[in-house]
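I opened the notebook to go through this one in order: cysteines, fold, cores, then rings. Notes follow as I took them.

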Amino acid sequence: MCKITEDVLKGAIKHYPWLAKFLMLIGLFILSESLFSLIGLYLAELLVPASHILDNIGSINSGLALEPDTPMVHALEVYQFCTSLGRFGLLTFAFLWLIGESAGSFLQLRKSPSLQQLIWVFPLMISAAVVIGAVNEWNQGLTLPETLSGLEKQMRQMEEQAKGMTDAFLGTTTIGGLLINIFLIGIVAAVTEELFFRGLVQGIFHRWTGKAHAGIWIAAFLFSFIHMQFYGFFPRLLLGALLGYICYWSGSLWTAMAGHFINNTAAVILYFLVSNGSVEQDPTETGTWAQALVFLPVLAIFIWQFRRHGARLDDGV
């Protein structure tokens, strides 16, 4: 029975147009979001019963204040692990199975980056963080027209709720909490999101349009949009585009994963140092345009060096 099902479903939508494939992906994403959210909630209740997460999930969604290193936060960590793994990681491989594509080839996982590429990714991402920090500061100060004041108020509330969740996750002062955050945000989130956005979504739109730039920017837009944080939309858009170009220039998704890992892990460590009082504030959150102008040529040099060691043979852009 399993063999028959596998034969029927494998490559079942292989010959569909790319638009139909993408619409199918949206439907499967919504389905997997619901499924793995339920799995995550029940698994969190099972592993962290003191959290009573099933009883309190409504309060969390309405903006309940959370404290770091509490049972509820640990339960939410389990929940985040399940949802990240399911809606991004497992969905990516399941969808490639449906369209009859090899994961290694489609996701650009077969080519290993050179040591030189990986070395240049680090300063590239750190310098980019300073530039993107200035964009973040500008984005935070955006206001909507008076006629949209109600919408702006709702978006500000969502932003505050997201910030409260971030503070609860990253505000740990223990080494154990730091290691958990590096695992969840630095590794799991970076790997699964790159599989989905740079590997799958960027690949779909690259093939659909025949243009690498289109695939990169559409994937970056969706990467930022799906986080549902308007006041962080533009810096996340630029981050997604940068990771997209890193993947394209090198021809390997592993370099984009490395870049995403560096970005997320640096943020986790900086937040930890701020929480412990070792650092007054995260410099990437309060960047200025003066700092951005200083680091732009530095970033350009690092990008040039990275491209030298990761130039593609094709030029289908």
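**Cysteines**

Is C82 buried or exposed? I looked it up in what is a predicted model, and C82 comes out buried, with a relative accessible area of 8%. I checked C247 as well, and that cysteine is buried too, at 0%. Then I went looking for disulfides and found 0 in the structure.

**Fold**

Next I wanted the overall layout. I get 12 helices and 0 strands, so my reading along the sequence is just α-α-α-α-α-α-α-α-α-α-α-α. The protein has 317 residues, and 43% of them count as buried. I also looked at how far apart in sequence the contacts reach. Taking contacts with a separation of 6 or more, 76% are between residues 24 or more positions apart. For the surface, I noted about 16100 Å² exposed, with carbon and sulfur atoms supplying 68% of it.

**Cores**

A reminder to myself before this part: in soluble globular proteins, nonpolar side chains tend to be buried together. Here I find a largest nonpolar core of 54 residues. Inside that core, the residues with the most contacts are L25, L124, M125, F196 and L200. I listed the elements that give two or more residues to this core: α2, α4 (71–98), α6, α8 (175–209), α9 (212–225), α10 (233–250), α11 (253–275) and α12. Which of them gives the largest share? I have α10 down for that, with 11 residues.

I then picked L124 and asked what it touches. Leaving out residues up to four places away in sequence, L124 touches L242, I246, L299, F302, I303 and F306.

There is also a second, separate core, and I count 19 residues in it. Its members include A44, V73, L76 and L178.

**Rings**

How many aromatic pairs does the structure hold? I find 17, and wrote up two of them. For W18 and F106, the ring centres are 6.4 Å apart and the planes are at 35 degrees, so I logged the pair as tilted. This pair links distant parts of the chain: W18 is in helix α2 (residues 18–47), F106 is in helix α5 (residues 103–106), and they are 88 residues apart. I checked the cover on both partners. W18 counts as buried because its relative accessibility is 18%, under the 20% cut-off. F106 also counts as buried, at 1%.

The other pair is W120 with F302, again tilted, with 5.8 Å centre to centre and 45 degrees between the planes. W120 belongs to helix α6 (residues 115–140) and F302 to helix α12 (residues 289–310), so this pair also links distant parts of the chain, 182 residues apart. I have W120 as partly exposed, at 23% relative accessibility. F302 was already in my notes as one of the residues touched by L124.

I also marked one aromatic cluster, formed by F29, F88, F196, F197 and F223. F196 had come up earlier, among the residues with the most contacts inside the largest core.

**Charges over rings**

Last look-up: what sits over the ring of F223? I find the charged end of R198 there, 4.5 Å from the ring centre, so F223 goes down twice in my notes, once for R198 and once for the cluster. W18 has company as well: K21 lies over its face, at 4.0 Å from the ring centre.

Technical notes
Residues are numbered from 1 along each chain as its sequence is written. This is a predicted model: local features need pLDDT of at least 70, side-chain atom pairs count only at pLDDT 80 or more; totals for chains, interfaces and linings use all residues. Side-chain values use heavy atoms; hydrogens and water are left out. Rings of Phe, Tyr and Trp (its six-membered ring) pair if their centres lie within 6.5 Å; planes under 30 degrees apart count as stacked, over 60 as edge-to-face and the rest as tilted. Helices (H or I, at least four residues) and strands (E, at least two) are DSSP runs, numbered from the N terminus. Buried means under 20% relative accessible area, exposed over 50%, partly exposed in between (1.4 Å probe, protein chains only). A charge sits over a ring if NZ of Lys or CZ of Arg is within 6 Å of the ring centre and within 35 degrees of the ring normal. A disulfide is a pair of cysteine sulfur atoms within 2.5 Å. A nonpolar core is a set of buried Ala, Val, Leu, Ile, Met, Phe, Trp, Tyr and Cys residues joined through side-chain atoms within 4.5 Å. Contact means heavy atoms within 4.5 Å. Accessible areas come from the Shrake-Rupley method with a 1.4 Å probe; for residues, only the protein chains shown count as cover.
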